[in-house]
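Please find below a colleague's note on the strand arrangement of the structure shown here. The points are intended to be read alongside the sequence and the model.

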Amino acid sequence: VIMDFRRTTEDNPEDICEFYNKAYLRQMVRESKVPLVRIEAQHTGIDEKEGWKLGEEHFNGLASELEVAEDARDILISNLAVEFGLMNGTQGTVRRIIYQHEEGPNHPNPDCQQPQVIVVDFPKYAGPRFYDDPERATWVPLRAVTRNAEAGTGAMRTQFPLILGWAMTPWKAQG
């Protein structure tokens with residue numbers, strides 16, 4: 001689905017990609033009975049509450065909160081390995097969400113609640129394989145990335161460089 005706007009505004013709270021993608025994700029998890037995972041960004045160099053107040057535009061697109069589930073369509077928002085097809089705008093499907101600890105997002109230590117990796121199938125990925133299984137040749141384990149705030153505050157945000165991708169703007173679709 002192609003839509004004109006990506007983010008919610010006061011004038012247009014619903015007819016946008018963000019609203020459509022979250023609604024579609026919720027419908028998908030209800031029907032397929034897979035867990036919805038809400039990943040909160042981690043902030044350093046600034047109080048956590050202050051970090052949340054800074055929008056994603058201060059951190060090169062990294063959201064303060066990311067909702068995702070296995071089988072969710074997503075779009076990469078960073079250039080990770082352009083030579084292999086992992087660049088801003090690359091579309092994929094989440095295949096696995098892997099935590100370092102058994103407690104996963106319920107770990108008592110907030111620093112351990114974020115997944116260790118999100119495995120995404122990027123059909124156009126043309127790099128070295130991470131898995132021996134030929135059916136997983138385009139599966140790529142992604143780690144969260146850290147970006148400095150553009151405002152020069154010394155703040156940093158750590159989050160996975162993904163957005164949901166069922167609906168997108170014409171500009172992202174062209175990319």
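The following numbered points concern a predicted model and address its sheets.

1. One open sheet is built from five strands in the order β7-β6-β5-β4-β10, and the pairing is antiparallel. The edges are occupied by β7 (139–142) and β10 (162–164). Each of these has a single partner strand, so one side of each lacks a neighbour in the sheet.

2. In the five-stranded sheet, with direction ignored, neighbouring strands are turned against each other by 45° on average.

3. Within the order given above, β5 lies between β6 and β4. Strand β5 comprises residues 91–98 and strand β6 residues 117–121; the two run antiparallel and are joined by five bridges. As a point of reference for inspecting this pair, I97 of β5 stands opposite I118 in β6.

4. A further open sheet has three strands, ordered β2-β9-β8, again with antiparallel pairing. Here β2 (42–44) and β8 (145–148) are the edge strands, and each pairs on one side only. Strand β9 lies between them in the order.

5. For the three-stranded sheet, the average turn between neighbouring strands is 25°, direction ignored.

6. Which residue of β9 is the bridge partner of V145? Strand β9 covers residues 156–159 and pairs with β8 over four bridges in the antiparallel sense. The bridge partner of V145 in this strand is Q159.

How values were computed
Residues are numbered from 1 along each chain as its sequence is written. This is a predicted model: local features need pLDDT of at least 70, side-chain atom pairs count only at pLDDT 80 or more; totals for chains, interfaces and linings use all residues. Side-chain values use heavy atoms; hydrogens and water are left out. Two strands pair if DSSP finds at least two bridges between them. Axes are lines fitted to C-alpha atoms, for helices over the stretch in contact, and angles run from 0 to 180 degrees between N-to-C directions.
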